[in-house]
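Trainee: I've got a model open and would like to learn how to read it feature by feature. Could you walk me through it?

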Amino acid sequence: MPAPPAYAPAVSAKPDPVDAVPWGVRVAAEAAWRLLVLGGTVWVLMRVISSVQLVVLSFTVALLITALLEPTVTRLRRRGVPRGLATALTFIAGFVVMGLVVWFVVWQVMENIDEVSGEVQAGIDDLRRWLLHSPFHVTEKQINHIAKSLREAVGANTEQITSAGLEGVTVVVEVLTGLLLTMFSTLFLLYDGPKIWNWTLKLVPAPAREGVAGAGPRAWATLTAYVRGTVIVALIDAIFIGVGLFFLHVPMAVPLAVFIFLFAFIPLVGAVVSGALAVVVALVTQGVFTGAMVLIVVLAVQQLEGHVLQPFILGRAVRVHPLAVVLSVAAGSLIGGIGGAVVAVPLVAVANAVVVYLRSYSQENALRAVPGPHGATASGAAPTDPPGAPPGKDAEPR
């Protein structure tokens, strides 16, 4: 091939397109596609959880109940009781107690519903009279107009109320199904928990198996501490507020105390809702003074819980930032309703414990992988004898 003529202009080679893109843009693009992949994975996971929401919530609640009952099985095993008998005794006793609590609440509500309804009607009449003589200048015509609007709203939504009642049958079936799933899951977790965990470890890739095996006991210890601590705190809240309601002669003091105990498992939101319910019942049935006193009792107990009980009982084992608590409760309620709000915070606490352990585990592995000094580096890193000390011997400390 002939050489190009001397007068032909020189053509410089074009730069690599990768080199033409600024470094900051390349970093942003790398981070962006990874975030897209992560977001897509989370979205698919949420869709899967939503499609099998009943199964996921039932198994998660079973984990919480197992964390509460498992120490009892361990104590019975230490006393020589066979594992099967210890599991059966603990399982039956635990669910009998929970069933009795639910039955007691329903029984108390049914026994006092007529009395409370009469007191509520009397309270509404008192509120109406107060509005008529209040400085807000509310007339009886305006009150009747509001009552008429409420009746028309109820009449216009009769079909929706009927459909909601029909949907209630489906809800009852789902609740019973979830209850059965929870009971069976709890039974097998109590009996075969270690075997189930060992089988789960076999699904983890071999390089990560050691780290996951170490994170499992930490996660279980965190979950156990959370459940037992929350039960103790909820029980103290229910006792103190229930005693206050009893001495203030608020109707259905015991059922309200049980509601306070149950709602305490929903962090932050549950305490506000149950406390507001107690205040409203006291306000409507016993008047403004009793309602104000109940509000003072609720606020005092909640302050005691937030500043003394939770830091002392739960301690550092399940410490989660309040912002993480609020966001997890909101996300859990959006995904799974009340059940999602209940299990959101313990899952976040467990995830936090797992992440902290895996981070420390990876750092320890990184330090082990660093080769130690050898050769000239080792001789340079070795301690030298100070002036005046005998050769080959360490100097005496000053």
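Trainee: Let's start with the fold. How many helices and how many strands does the secondary structure of the protein chain come to?

Mentor: Keep in mind that this is a predicted model. The chain has 12 helices and zero strands. Read from the N terminus, the elements go α-α-α-α-α-α-α-α-α-α-α-α. As for burial, 25% of the 398 residues count as buried.

Trainee: On to empty space. How do I read a pocket, and how much space lies in the second largest pocket?

Mentor: The general idea first: rolling a probe the size of a water molecule over the atoms shows where empty space is left. Here, the second largest pocket holds about 1,300 Å³. It is lined by 39 residues, and those closest to its centre are Phe59, Leu63, Leu223, Leu347 and Val350. Two or more lining residues come from each of H2, H3, helix H6 (158-201), H7 and helix H11 (322-369).

Trainee: Which element gives the most to that lining?

Mentor: That's H11, with 14 residues. Sort the lining by class and you get 27 nonpolar, 10 polar and two charged residues.

Trainee: While we're on H11, is Val345 buried or exposed?

Mentor: Val345, which is found in helix H11, counts as buried because its relative accessibility is 7%, and the cut-off for buried is under 20%. You can also check its C-alpha against that of Val320: the two are 25 residues apart along the chain and separated by 8.3 Å.

Trainee: And how far apart in sequence and in space are Arg83 and Asp192?

Mentor: They're 109 residues apart in sequence, with 9.6 Å between their C-alpha atoms. Arg83 is in helix H4 (residues 83-132). With a relative accessible area of 26%, Arg83 is partly exposed.

Trainee: Now charges. What should I look for, and which residue forms a salt bridge with Arg34?

Mentor: Side chains of opposite charge can pair when their charged atoms come close. In this model the count comes to one salt bridge. Arg34 pairs with Glu30, and their closest N and O atoms are 2.6 Å apart.

Trainee: Why are Arg34 and Glu30 separated by about one helical turn?

Mentor: Because they sit four residues apart in helix H2. Arg34 is partly exposed at 45% relative accessibility, and Glu30 is partly exposed too, at 41%.

Trainee: What about the surface? Which residues make the nonpolar patch of about 650 Å²?

Mentor: Trp43, Val44, Val48, Val52, Leu54, Val55, Val56 and Leu181 make it. The elements giving two or more residues to this patch are helix H2 (23-51) and helix H3 (53-78). Take Trp43, a residue of helix H2: its relative accessibility is 55%, so it counts as exposed.

Trainee: One last thing, backbone angles. What is notable about phi of His249?

Mentor: Most residues other than glycine have a negative phi, and most peptide bonds are trans. His249 has a positive value, near 60°, and isn't a glycine. You'll find His249 in the loop between helix H7 (206-247) and helix H8 (253-263).

Trainee: Is His249 buried or exposed?

Mentor: Exposed, because its relative accessibility is 63%.

Terms used
Residues are numbered from 1 along each chain as its sequence is written. This is a predicted model: local features need pLDDT of at least 70, side-chain atom pairs count only at pLDDT 80 or more; totals for chains, interfaces and linings use all residues. Side-chain values use heavy atoms; hydrogens and water are left out. Patches are made of residues with over 30% relative accessible area and no salt bridge: like charges are joined within 9 Å, nonpolar side chains (Val, Leu, Ile, Met, Phe, Trp, Tyr) within 5 Å. Accessible areas come from the Shrake-Rupley method with a 1.4 Å probe; for residues, only the protein chains shown count as cover. A salt bridge is a side-chain nitrogen of Lys or Arg within 4 Å of a carboxyl oxygen of Asp or Glu. Buried means under 20% relative accessible area, exposed over 50%, partly exposed in between (1.4 Å probe, protein chains only). On a 1 Å grid over the protein atoms alone, a cavity is a set of points where a 1.4 Å probe fits but cannot get out, and a pocket is an open set with protein on both sides within 12 Å along at least five of seven lines; lining residues have an atom within 4 Å of a point. Grid points are joined across faces, edges and corners, and a volume is the space filled by probe spheres set on the points. Ala, Val, Leu, Ile, Met, Phe, Trp, Tyr, Cys and Pro count as nonpolar, Asp, Glu, Lys and Arg as charged, and the others, Gly among them, as polar.
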